[in-house]
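Biologist: Could you walk me through this model with me asking how each claim is reached?

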There are 2 protein chains.
Amino acid sequence: MSFIRKIVKPHNEEDKQLYNELKTLLSFSPRKIHKYKKAFTHRSVQMLDEKGMPINYERLEFLGDSILGSVIAAYLYKKVPEGTEGYLTQMRSKIVSREHLNELGKDLDLIRFVKSNIDQANVGDNIHGNIFEALIGAIYLDRGYNYCQKFIYEKVVMPYVDIAKLEGKITSYKGLIIEWCQKSKKKYSFDTYEDTGNEPIKHFSVKISIDGEQIAKGRATSKKKAEEQASKRVYFAFQNQIN
Amino acid sequence: MSFIRKIVKPHNEEDKQLYNELKTLLSFSPRKIHKYKKAFTHRSVQMLDEKGMPINYERLEFLGDSILGSVIAAYLYKKVPEGTEGYLTQMRSKIVSREHLNELGKDLDLIRFVKSNIDQANVGDNIHGNIFEALIGAIYLDRGYNYCQKFIYEKVVMPYVDIAKLEGKITSYKGLIIEWCQKSKKKYSFDTYEDTGNEPIKHFSVKISIDGEQIAKGRATSKKKAEEQASKRVYFAFQNQIN
C-alpha cells in the first residue's frame, strides 16, 4: 500500500494540487501526473524535456482526437442499430465538432490548468477543445482505453449527446417519408395489419413500399408505433436523398 | 467448461468451418460468430435480420475504421516520440490508406469468406480493405479493444509498417538539413563536442542552430549518431518546409 501511494501521490505542492483537482474531474486517481501536465502546456511555453523535445499538448491532442473518435463510433454503433454508415459518420462529426469540443472544454473549465505564455484572451477559442482532446490522450497513456471510454461516457455522452436533438428533432418519421415521397413523385404504401400471433398483447406490423419495392418493416403494440419504427428505417435508408 | 464450449463452438458445419478458419487467422477463439458473418456479408446479399434491418458489413466497416485509426495513432505516438502532430497525422494516413488496406485484405485472403450476389470480378478492389475494416469492427464487438489492438499489431504493424520506408527512406538527416539550409539560404551550425560526463563510455553532444536560434540537441556515443539524432529532430520541427 505504501509503495502504491509513493508512486501515485506527487511530492511538490503544485503537483499535489493538480492531482487533487484531476481526481475530482476524472473520478479516478491519476498516476502519471506528468502526462496531464503536458496535456495542459501550450507551445508558447517553449519547454523542452531532457532529450530536447518540446513539451506541449499538440501530440497528445492528435492521440486524444483519435481515441475520442473511436469511443464515439462504438457508442453510436450500439446506440443506433438502424443508423446507416453515412448516418453514423454524420452523427459522429456533429458530436466531435470543434464547436462542440470547445463548449465541453469550457464547461469543464480546463483552461484553469493551462500553462501558456500568451494572454488567455489571445489564445483563441479552439484551445478549449484542443486541451479536452489532449486530456483524453493523457488519460489513455496514464490508464488505457477503458478509462478513456468511461470518462468520455460520463463527460461527453451523458451530458451532451442527445441523439434526437442532433438529428434535428424529427417528430414524425411517417410524415417526413410521405412528404418526401410526394415531393419527389414516388409512389408509396403503408401496409399495416394486426399481427399478434401467439402473444398476449395485440401487435401490429407494417410494410412500407416505395415505387413497388418493399423498403422496411416494423412491428409494435400500436399501429402508430409500428409505422413510426418502419418509417424511421426508411428515413435512414434514404437519408442522403431526404435531407 | 461445458457451458463455455456450448456458447463458443458453433453447431452447423458451415459455422464450424468459419470458426476454425477464423481461429487460425485471428490467433484467438472467436465467440460471437455472427458478428464475423456480418463482417463478410456484402450488401448485394440483401439479407435482413429478425427486426427487418439489413445484414451487411457497412456499419462494421465504419466501426473498424475508427478503431484502426486510434490503434495506429497510439502506436505512432509511442513509436515516434519526435514526430510532430502533423507528422503523426501524415504517417497514419499512409498506413490506413485505401490502397494499403486493400493490400492487407488481399494478403489475408479475406475475400474467401465473403458472401455476395455480385461476381467477384465486379465488386471492385476496395472490398478487400472494406472487409478488413469490418473484421476489426467484429473483433471489437466480439472481444473488445485490446484484442483489436493485438490483431492490428500482428497483422498490420509488424508485417507492414516500416516507418523509414513510409518516410521515404531518408539515409542521412544531417545531409538533408544542410541541403535544405543551403537551398533556402539559412545559416546553420552544428556545435558538436565531447560530453562524456561521469559515464564509462565516451559521449558526444551536438546543438544545431539555424539562423542563430538553437533548434535541437542530440547526445550519443559517436559524433555521427549524435548529429543524426539532432538532425532528425530538426527535420521533424521543419517537416512542412523541408518536403
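Modeller: Happily! This is a predicted model, and chain A is divided into domain 1 (2-165) and domain 2 (173-242).

Biologist: How far apart do the C-alpha centres of domain 1 and domain 2 of chain A lie?

Modeller: They lie 42 Å apart. The contact takes five residues from domain 1 of chain A and six residues from domain 2 of chain A. On the domain 1 side, there are one nonpolar, three polar and one charged.

Biologist: Now the two chains. What makes a residue of chain B count as in contact with chain A?

Modeller: Its C-beta atom, placed from the backbone, has to lie within 7 Å of one in chain A, so that is the test applied here. By that test, 25 residues of chain B are in contact with 25 residues of chain A.

Biologist: Which elements of chain B each supply at least two residues of the side that touches chain A?

Modeller: α4 (58-79), α5 (85-95) and β5 (213-220) of chain B. The largest share, twelve residues, comes from α4(B). By kind, the side of chain B that touches chain A has twelve nonpolar, six polar and seven charged residues.

Biologist: Why are the two copies said to be related as by a two-fold rotation axis?

Modeller: Chain B can be laid on chain A by a turn of 180° and a shift of 0.1 Å along the axis, with an RMSD of 0.2 Å. The copies are therefore related as by a two-fold rotation axis. In chain B, the C-alpha nearest that axis belongs to B:Ser70, 3.2 Å from it.

Biologist: How do you know that the same surface serves both copies?

Modeller: Of the contact residues of chain B, 100% recur in chain A.

Key:
Residues are numbered from 1 along each chain as its sequence is written. Chains are lettered from A and ligands numbered from 1 in the order in which they are written. This is a predicted model: local features need pLDDT of at least 70, side-chain atom pairs count only at pLDDT 80 or more; totals for chains, interfaces and linings use all residues. Two residues are in contact if their C-beta atoms, placed from the backbone, lie within 7 Å. Helices (H or I, at least four residues) and strands (E, at least two) are DSSP runs, numbered from the N terminus. Ala, Val, Leu, Ile, Met, Phe, Trp, Tyr, Cys and Pro count as nonpolar, Asp, Glu, Lys and Arg as charged, and the others, Gly among them, as polar. Domain bounds come from an automatic or database domain assignment. Copies are superposed by least squares on the C-alpha atoms of residues with pLDDT of at least 70 in both.
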